[in-house]
Amino acid sequence: MMVRRRAGIGVLALLTVSCGGGGGGGDTSAPVTGGTGTGGTGGVAVVSTPTLAHCAASDGTFSNATSELGLCYEVPGDADATEIEELGGGIAIADFNRDGQLDLYVAYGQQQHGELFSFDGTRFANRGASGIEPSAMDIAGYFVDVDGDGMKDFISAQVEGVEVFINDGDGGFVVGNGVTNIDHDRATFSMAAADYDVDGDLDLFFAHWGTGYVGGQQEYLWENRGGGTFADVSYRVPVASSVSANHRASEYSFTPIFADFDDDGDADLLMANDFESSQVLMNAFGGDLFLDLTSEEISDENGMGSAVTDYDRDGDLDWFVTSIWDPDVANNGSGNRLYENADGFGSFVDVTDETGVREGHWGWGACFADFDNDGHMDIFHTNGYREPGRPKFRTDPSVLFMSNGDRTFTERSAELGIVHTDQGRGVVCTDYNDDGRVDIFVANNGKSPTVFRNDHDNANHYIAIDLEGVDGNPEAIGAKVRVTSASGTQFQEVQLGNGYLSHGPATLHFGLGRDDAITAVDVVWPGPGAHSSRTEGLSVDQRVAIRHPLAG
Ligand SMILES: [Ca+2]
Ligand SMILES: [Ca+2]
Ligand SMILES: [Ca+2]
Ligand SMILES: [Ca+2]
């Protein structure tokens, strides 16, 4: 995104963020309006406000189901938001309390911290006081099991750092910063998790946009040392610095994704970064060092959102990056990029024009998902920005690039019922109602979210797969899953933290087209030993769990 400076004094008076240094300590002035609140009041959720355009009910192949899900409510936005408050807004979806129903955290990015909801099969109910009580406004939130006890903890990403909340095993959370040793002084954006050093536990990587040290390489990569403690090993990652539009040199990372793009068994990094600083970072020497393989093909000007999958079904991971599409502006408007893994070893080439995904307005969060279950990954991404002098980005429509099955895409959002012109930021694409059709959650900056339920009625088949891993990686983040059916083999990797400010459940969803049988599901499991497994005889149109060969 483009940087603009704001007159700071008047604006800062409205900020609710902490001012006392890292980890969200220091000043904890109350939010302007109540957040999650206390005493189980349920916070600010004034449900079913039909006048909110971003949740107005609509029908189509995708229906705007926000109101009927209980997620349409007023949030006190800030007309005088600072630049960094314009960037935030994330969605995190996971079953943190293991009751079989998904939980949802919505971060607003303005004024107040986010709120926690749980799905009851019909609606998302506000959980009120849950113990996730960030002391400052948060940009995003992440469910991740930091202490390896099998229960998902929570990380709140904030303007001045992070706060960690530990799952108490009884439906709540307790403050846990001191436990983990994770402490940030920098503005923290998207997070990704993977076992980068292949020792069996999940390590963490945080993006930091626009603040801090040039080449400082601090607070990015946190190695899990066991027992829930982490150490900052960012020296292993050569994060690029860049110069912004107002000539400020810094590090501008927005969306890191761990992906083993050279298929050698360790998690590499693809980073969508602002100001021509996106990077291809190959994990070398078992995690000792990430090598910067960024070539001239990596040409996005304002990398913001990102998604990684094998879109062309050739067995390797490809990379989509959102940026700014504005043909009226030189050097700052050449749009999205799709980088295809040309050799299976991470030599990425720009195939944006031949695939047709360049024009996405002011893009943010993105996902790959097979929305019509035809066996070919589609792309959704949201967008929008309140950029002075460029009013068209205030109401630009989120885009849906449906795959034509031949490596090309056609933008079909309006035709399929997706009308979203708000300030979208984070995106999660997941089948929340478990009906075999992948749905879409969009975080709106300073507002309640938007949910598009996928109601397509085609006769295509699918299979959804949950993996049960071992040790400190119970969801087998980093596993490679290959599903073979009559029309061929499809490949997906399990990722945690796979988009701008957002993450969804670890469930993998494969569309199968008209294939009504599955030959085999082959899994290469993450962690020590490089175990693999093959599962045969699975039926289509169901959600299944596959266990690690060593799981008890
Ligand atoms: Ca590890
Ligand atoms: Ca690798
Ligand atoms: Ca590929
Ligand atoms: Ca669904």
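**Exercise 1. Lay out the sheet that contains β6, and find its edges.**

Step 1. Give the order. This open sheet has 4 strands, in the order β6-β7-β8-β9, with antiparallel pairing. Strands are DSSP runs of E with at least two residues, numbered from the N terminus. Two strands pair if DSSP finds at least two bridges between them.

Step 2. Find the edges. β6 (138-144) and β9 (173-175) each have a single partner strand, so one side of each lacks a neighbour in the sheet.

Step 3. Add the twist. On average, neighbouring strands here are turned by 25 degrees against each other, direction ignored. The axes are lines fitted to C-alpha atoms, with angles from 0 to 180 degrees between N-to-C directions.

Note the source. This is a predicted model, where local features need pLDDT of at least 70 and side-chain atom pairs count only at pLDDT 80 or more, while totals for chains, interfaces and linings use all residues. Residues are numbered from 1 along each chain as its sequence is written, and chains are lettered from A and ligands numbered from 1 in the order in which they are written.

**Exercise 2. Walk across the sheet from β6 to β9, naming the bridges.**

Step 1. Start at β6. It is joined to the antiparallel strand β7 (residues 153-158) by 6 bridges. D138 faces Q158 of β7.

Step 2. Move on to β8. β7 and β8 are antiparallel, with 5 bridges. A157 stands opposite V162. The two strands form a hairpin, with 2 residues between them.

Step 3. Finish at β9. 3 bridges join β8 to β9, also in the antiparallel sense. N167 has F173 as its bridge partner. This hairpin has 5 residues between its strands, and G169 in the turn has a positive phi of about 80 degrees.

**Exercise 3. Decide whether β8 is enclosed or open.**

Step 1. Set the cut-off. A residue is buried if 20 or more other C-beta atoms lie within 10 Å of its own, exposed if 12 or fewer, and partly exposed in between; C-beta atoms are placed from the backbone.

Step 2. Count. In β8 (residues 161-167), 7 of the 7 residues are buried, so the strand is largely enclosed by the rest of the structure.

Step 3. Check both faces. G161, E163, F165 and N167 are buried on one side. V162, V164 and I166 are buried on the other.

**Exercise 4. Describe the surroundings of G141.**

Step 1. Place the residue. G141 sits in strand β6.

Step 2. Test burial. G141 is buried because 31 other C-beta atoms lie within 10 Å.

Step 3. List contacts, which are pairs whose C-beta atoms, placed from the backbone, lie within 7 Å. Beyond four places in sequence, the partners of G141 include G90, A92, Y105, A107 and G114. F154, I155, S156 and A157 are also among them. The C-alpha atoms of G141 and A157 are 5.9 Å apart, though 16 residues separate them along the chain.

**Exercise 5. Sketch the sheet that contains β31.**

Step 1. Its 3 strands run in the order β34-β31-β37, open, with mixed pairing. β34 (508-513) and β37 (542-547) are the edge strands.

Step 2. β31 (residues 461-468) and β37 run parallel, joined by 6 bridges. L467 is partnered by I546 in β37.

**Exercise 6. Find where to read the model with care.**

Step 1. The mean pLDDT is 89, and 90% of the residues score at least 70. pLDDT is the predictor's confidence in each residue, from 0 to 100.

Step 2. Over residues 2-50, pLDDT stays under 50. Where pLDDT is low, the predicted coordinates should not be read in detail.

Definitions and conventions: Contact = placed C-beta atoms within 7 Å.
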